[in-house]
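Colleague: Could you take a close look at the salt bridges in this model and say where the partners sit? Please explain each term when you first use it.

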Amino acid sequence: TSARAKVVSVAIKDRGAVLLGGQRPTGAYWYDPRTCHFVTSSYYAARLPPWVQAFNAKEPCAAYVGRQWSKLRPELDYAQLADDDDVPYERPPFDMGRAFPHPVNEIIDPAADGAAREELRYAAVASSPFGNELLLHFAEAALAGEDLGSDDVPDLLTVSFSSNDYVGHGYGPHSQEALDMTLRTDRLLAELLRLLDRRVGRGRWVLALTSDHGVAPIPEYLERLGLLAARPDHHTFNPLTARRAVERKLAQHFFGKAESAAGFAGFFEAWDRGTWPFVYVNHGVVDHLPGRPSFDALLGIIAQEIESLDGVARVYRRSQRAALAASHDVFEARVARGWHETNAGDLLVQLQPYWIDDPSPFATTHGTPYAYDAQVPMLLYGAGIRAGRFHRRVAVADLAPTLAFLLGIPPPPQNEGEPLVEALR
């Protein structure tokens with residue numbers, strides 16, 4: 001039988017491995033913070049392959065727990081290149097502290113019962129540069145264990161370094177921690193390139209580097225610099241507070257008082273941080289409202305009330321999705337691409353620039369169409385890639401057809417991107 005291509009995805013987050021691995025990968029593996037083992041789902045395999053079992057048997061977190069995350073380049077003036085080290089608006093996870101060095105310890109919750117006490121036992125490892133280091137070691141084990149790149153049939157290895165995301169959430173993009181994480185990621189990528197040269201062979205591999213999103217500056221940091229006016233809420237939008245306020249306004253609109261009629265199910269099916277930025281409206285309420293408005297008319301009224309709230313730039317309705325997808329407005333097009341046809345909500349809330357949805361327990365977050373969220377790196381390197389820097393707007397969606405072009409295969413059937421031919425030899 002002829003050799004078949006192998007697809008192996010490894011990640012800290014489960015969704016990173018699942019999304020990048022596709023529907024039928026050879027294997028998809030992610031980090032379990034309870035055990036510090038890499039795991040998979042029964043969708044992919046009934047049991048872990050021997051090479052993953054062997055990696056887990058070495059108890060990989062033993063090398064990191066109890067250590068401290070110190071600055072990689074202490075000779076650099078981090079304060080000149082980034083924010084102060086210890087600022088009150090950072091929200092470090094897992095008792096890691098606001099200032100260097102950061103302790104990386106096991107997390108045991110004595111208040112929880114049973115297995116829940118250790119659910120996040122090794123989460124601090126993944127929230128530090130050690131998480132990326134651990135993932136690189138696992139990627140090396142995957143290269144050897146699956147014998148990737150050993151024949152003339154191209155294989156695909158995807159590696160999702162998620163520790164950068166955790167650091168961005170906890171400390172913000174202008175922090176010394178984000179700076180140190182970037183310096184360490186650069187070295188880690190250099191190590192990955194050397195590893196590919198050793199295992200696969202120089203000139204026999206291609207690397208594509210990009211990201212799923214950026215991260216918003218911490219609003220309090222911008223207030224401190226005078227770039228945003230200081231506010232008691234520090235430009236954070238709390239969906240639960242907003243929901244209660246809009247419920248009261250809608251009750252006043254339809255029932256003439258601040259609360260709904262007795263037995264009324266409420267206007268919203270779901271609207272909280274878990275559904276953000278979407279609002280799910282209760283479809284059955286129109287039958288219980290005076291005048292029995294159409295559902296789309298109700299959405300218009302709700303959208304108007306949400307748009308009147310502080311921090312809201314615009315509210316979109318599901319019925320507008322097709323028009324948004326065809327729009328030449330970059331924000332509207334981004335909104336449409338983020339709106340799943342069947343699973344997403346009835347309304348989508350877009351905040352004003354530099355506002356964030358209430359990020360507790362994080363310092364900041366992402367999820368807007370603005371440049372600080374949407375602009376990510378795109379780097380190609382290796383066989384068939386032309387050296388150079390190309391200054392034009394491209395999309396992450398362009399990556400798949402570019403790799404397909406390099407491989408000499410058709411692009412994905414629902415491809416929306418264009419091959420970046422100027423970057424190819």
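Modeller: A salt bridge is a side-chain nitrogen of Lys or Arg within 4 Å of a carboxyl oxygen of Asp or Glu. This is a predicted model, in which local features need pLDDT of at least 70 and side-chain atom pairs count only at pLDDT 80 or more, while totals for chains, interfaces and linings use all residues. Residues are numbered from 1 along each chain as its sequence is written, and side-chain values use heavy atoms, without hydrogens and water.

Asp-180 and Arg-184 form one such pair, with their closest N and O atoms 2.7 Å apart. Both belong to helix H7, where they are 4 residues apart, about one turn of the helix. (Helices, H or I with at least four residues, and strands, E with at least two, are DSSP runs numbered from the N terminus.) An α-helix has 3.6 residues a turn, so residues three or four places apart point the same way. Asp-180 is buried, at a relative accessible area of 0%, whereas Arg-184 is partly exposed at 22%. (Buried means under 20% relative accessible area, exposed over 50%, and partly exposed in between, with a 1.4 Å probe and protein chains only.)

Across the whole structure, a search finds 19 salt bridges. One of them joins the side chains of Arg-204 and Asp-152, at 4.0 Å from N to O. This pair links distant parts of the chain, 52 residues apart: Arg-204 is in the loop between H7 and strand E7 (206–209), and Asp-152 is in the loop between H5 and strand E6 (156–160). Arg-204 is partly exposed at 43%, and Asp-152 is exposed at 74%.

Arg-231 and Asp-233 also pair, their closest N and O atoms being 2.8 Å apart. Arg-231 counts as partly exposed at 25% relative accessibility, as does Asp-233 at 28%. Elsewhere, Asp-83, Asp-84 and Arg-224 are linked in a network of salt bridges.

Back to H7, the helix that holds Asp-180 and Arg-184. Helix H7 (176–199) is also among the elements that cover the buried residues of H6, together with strand E4 (68–69), strand E5 (102–103), helix H4 (123–126) and helix H5 (129–145). Helix H6 spans residues 163–171, and 7 of its 9 residues are buried, so the rest of the structure largely encloses it. Among those buried residues are Asp-165, His-169 and Tyr-171. Just after H6 comes Gly-172, with a positive phi of about 90°.

Conventions: Contact means heavy atoms within 4.5 Å.
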